[in-house]
Amino acid sequence: MPVIDSEEQDSDTTVNRRRILQALGTTTVAGLAGCSGTGSNGGNTAGSNDELGERVPTQTLAYWTGLGGTTATLETMAPVVQKNLQDRLGVDVEVQGRELTAVLGSAMGDKREYDMILGTNAPDPSRLDPTEVLGMYEAGRAGAGNPGNIANYADCSYTEFSQQQRTTIDEAERADLIHSAIQQFSEDVGVIAISPRVIAGAWHPDQVSVGGHDSGAGMDPLNPYVYYESEATDGDTVVSNANAVMVSTTNFPTVASPRIHIIWSHLINSPLVEYDDSLELRNVLAEEYTASEDGTTITVTLHDDATFHNGDPVTAEDVRFTYKLLWDNADAYPQVTAMPYESIEAVDETTVEFNMKNPTPVLFTKVWPRWGILHKESWKPAMENPAEFSLDTDNIIGSGPFQVDSFRQGQMIQLSPYGDHPVFNPKSRQVMQVFQGSESVFRAFQNGQISMILMQGMDTITRIRDEMENAKTHTQDSYLGAQIWPQHSYGATKFLKFRQAAGAVLDRQQMIAQAQYGEVDPSLYPTIFRGSHPSLPSEDQLYKHTDDPAGNEERGRQLLREAGWGWDNNGRLHYPPDADLTPLWPQGESPSPEEYPCLQ
Amino acid sequence: MKNGTLVDRLTRLGVLVESDNRLRLSESFDSAIEECRSTMSFSEPRDVLEEIRTDGETLQPFLDSKESEKRYLPIARALESALDQTVTSEWLRAIPIIDQLADTTPRSSGAPELFFPVHGDRLQVLLSLYPRSLVYIWREDCEPCDRMCETLEAVLSDPPEDVALFSVYGPEYADSLWETYDAYGAPIVLFVRDGSVETRLVGVHHQVVVENETDILRNDWGPV
């Protein structure tokens, strides 16, 4: 293409020959354009051109790749979504698989490359406190240049509920605020829910008696109770599969994945409190804790008989040190959100006082369950150099129910029960071994090299059921799962009716049958949290996508029709004639305080 | 009348002048347009039309406003003189194209090669003359525009004969683009059928999406 600089541009009166050929060369109809009899819509079901607006253009549905079983699930679901929207609503959909970081980066930056994103949320126990998940959809995170909001959903009522619950100490009042936020989100169809994740595992009964798995938490490597309560039936050792990140380093706060915490914050070290196998919060190293009336001072009393693996008592000073280390070095520790605190005081050997700047209920529902209490003498050097610190792997001292026999970075860890733990009394050694890929895990399990396998895809579990009649399997619905995040800031997905209609027509039954082997029930309410999550309000308080797990085409069409949408004679969906197609905010910008007062 | 024929005919008539693969309006034809503009009477459309040999309602697209009449009818008159024949519908498309050439060429450095740059405030008349067209609205210092430009070039590297391709530099015509097409920002691709926007793509889109929308525009009513 000829280069025309700006000066030349101002005075240029020439045009490339090919451009003129293209402009003059297009076929014309005889007489005036538009007199061919077809009209601009070629006839339509509504009866006249004036009753249809612009056609809804091809939508792009992205799903994330590179995540093994999760990707396999999404890859199977995506074509069903595509077909349902095309056949039932008359909207063409292109499916794009891309790496998780690329998809998230695009959505979080409001780059508008994907109209809908199909993905999942991992059932991290810290998400049993809803604060983190609710916060992800606040208005201040939406748009470009903000922390990121995967659906670019911006609603001030929702935002205010979410913000208020963070600093509400009264449990009942806080629960009401959380319910209100979830209700608002469902009314707005913040997401289009599909199904819960399946937590699936298997074991050899002649090698292990599995426990701690069937009260709600499942055979999930994030569930420490599977390790506390599973006992070897042959020998004294339970061998299980580990994710490589779980044994990637001893300096575990530097790791971004929550998967590392199972070993370092629950097995080797214990937290003050944690979520048990019924997903209920329970005390561990904390014997009890109280909050002041204004919620800013939380006092914790430790078990007076808790010791580290070398016999040192677990003291208030160790608790103080642990949280100073984490909160003062939040820049080095990706999983840490620095809490606004005034001071952490070791009042006496077993009493710790957290003096916070604001009421902070998430301290005991989200923060404490995440972090094991560290042995101060072992971890003191980390205060000076948090990013580069590492433990002596021959002498790892922790506060948890397991002590380290052997640690091979990136490969394996061997643990044996610590008999003096104040709460837990595991009976068997645990060996957690890394395997490369689901096929090698399957082979090792098939060969009897592994006693139990955790968090497997349903394809692996199905093979085990088919090929190993003596093995046992267990599946559990998770409290988080798969959904579509429609982009709220622009396009067809900007419109509530479109989101409602899309949610109504999806064949969740087929997706679950194909991608999850029919193991779970469909998620019919537009929330991020699924059935077992403690924060969900009752179903009658939520908007419902549809009553039909196979989707309801007529319901979807009725929703659109009532709002003035229509279809042309090719069956393609059109906006209402008066539809405002301008985005809620321009691309490259973020919601304005003028339009969203909660941002002032 | 085939593609090369219309351009070649206009060149032989002395309407267009070619140099280094670029075309411009000849000075003589430019002068002829101005002379027509100065001598034509625009008080009544009927009077003006009587000055031009044309069949029936051929020139109707140019009569929706006085501004439009003054802009396009002198060109039609000058063209008639150059042709020395009735201005028929086959010549219709040449009129707004000549009009564009009579003015400073709009910015085009950020537009795909085959997209004809047009002044945004004259888009409506132009689009009414084509059964199918794409309009690419862009601006400078716009990374999504650069990406969308590449996508359009990839999709339309083999230019379709049945879809006209136009580009508009958005910032210079922001008001008229907003008023006429509710188009705000860039990049935007309008898919236009018989002068009406059938659908639009706002922002960056994947090649398959652009291909799909182009196919729909071309094929929904059967092959041309």
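Trainee: In this predicted model, what makes β1(A) and strand β2 (residues 22–25) of chain B count as paired?

Mentor: Two bridges join β1(A) to β2(B), and the strands run antiparallel; because at least two bridges are required for strands to pair, β1(A) and β2(B) qualify. Within this pairing, Val15(A) stands opposite Leu23(B).

Trainee: How do you know that Arg55(A) and Glu213(B) form a salt bridge?

Mentor: The side chains of Arg55(A) and Glu213(B) meet at 2.7 Å, taken from N to O, and since the cut-off is a side-chain nitrogen of Lys or Arg within 4 Å of a carboxyl oxygen of Asp or Glu, the pair is called a salt bridge. Across the interface of chain A and chain B the rule finds eight salt bridges, and it also finds 26 residue pairs in polar contact, with both residues at pLDDT 80 or more.

Trainee: Which elements give two or more residues to the side of chain A that touches chain B?

Mentor: They are α1 (6–11), β1 (15–16), α2 (17–25) and β3 (93–99) of chain A, and the largest share, nine residues, comes from α2(A). By class, that side of chain A has 15 nonpolar, 23 polar and 12 charged residues.

Trainee: How many residues does each chain bring to the contact, and how much area do chain A and chain B bury between them?

Mentor: The contact takes 50 residues from chain A and 71 residues from chain B, while the two chains bury about 5,700 Å² between them, 52% of it on carbon and sulfur atoms. In chain A, the residues that lose the most area to chain B are Arg17(A), Arg19(A) and Leu24(A), together 13% of what that side buries.

Trainee: Why is Gly110(B) called buried?

Mentor: Gly110(B) has a relative accessibility of 17%, and because buried means under 20%, Gly110(B) falls in that class. As for its place in the chain, Gly110(B) lies in the loop between α5 (94–101) and β3 of chain B.

Trainee: Which residues does Gly110(B) touch, when residues up to four places away in sequence are not counted?

Mentor: Gly110(B) touches Tyr136(B), Trp138(B) and Cys149(B). For one of these, Trp138(B), which is 28 residues apart from Gly110(B) along the chain, the C-alpha atoms of the two residues are separated by 7.1 Å.

Trainee: What makes β3 (116–117) and β7 (196–202) of chain B edge strands?

Mentor: Each of them pairs on one side only, in an open sheet of five strands in chain B that has the order β3-β5-β4-β6-β7 with mixed pairing. On its paired side, β7(B) is joined by six bridges to strand β6 (residues 188–193) of chain B, and these two run antiparallel; among the partners, Val192(B) is matched with Val197(B) in β7(B).

Trainee: Why is strand β5 (residues 192–203) of chain A called mostly covered?

Mentor: Of its 12 residues, 12 are buried, and because buried means under 20% relative accessible area, each of those 12 residues lies below that cut-off.

Trainee: How do you know that β5(A) pairs with β19 (residues 472–486) and with β18 (residues 452–453) of chain A?

Mentor: β5(A) and β19(A) pair in the antiparallel sense over 10 bridges, and Gly201(A) stands opposite His474(A) in β19(A). Two bridges join β5(A) to β18(A), again in the antiparallel sense, and in β18(A) the bridge partner of Trp203(A) is Met452(A). Because pairing requires at least two bridges, the counts of 10 and two both satisfy the rule.

Technical notes:
Residues are numbered from 1 along each chain as its sequence is written. Chains are lettered from A and ligands numbered from 1 in the order in which they are written. This is a predicted model: local features need pLDDT of at least 70, side-chain atom pairs count only at pLDDT 80 or more; totals for chains, interfaces and linings use all residues. Side-chain values use heavy atoms; hydrogens and water are left out. Buried means under 20% relative accessible area, exposed over 50%, partly exposed in between (1.4 Å probe, protein chains only). Helices (H or I, at least four residues) and strands (E, at least two) are DSSP runs, numbered from the N terminus. Contact means heavy atoms within 4.5 Å. Buried area is the accessible area (1.4 Å probe) that two parts lose on being put together, summed over both. A polar contact is a pair of N or O atoms within 3.5 Å; within protein, one must be able to donate a hydrogen and the other to accept it, and residues adjacent in sequence count only if both atoms are side-chain atoms. Ala, Val, Leu, Ile, Met, Phe, Trp, Tyr, Cys and Pro count as nonpolar, Asp, Glu, Lys and Arg as charged, and the others, Gly among them, as polar.
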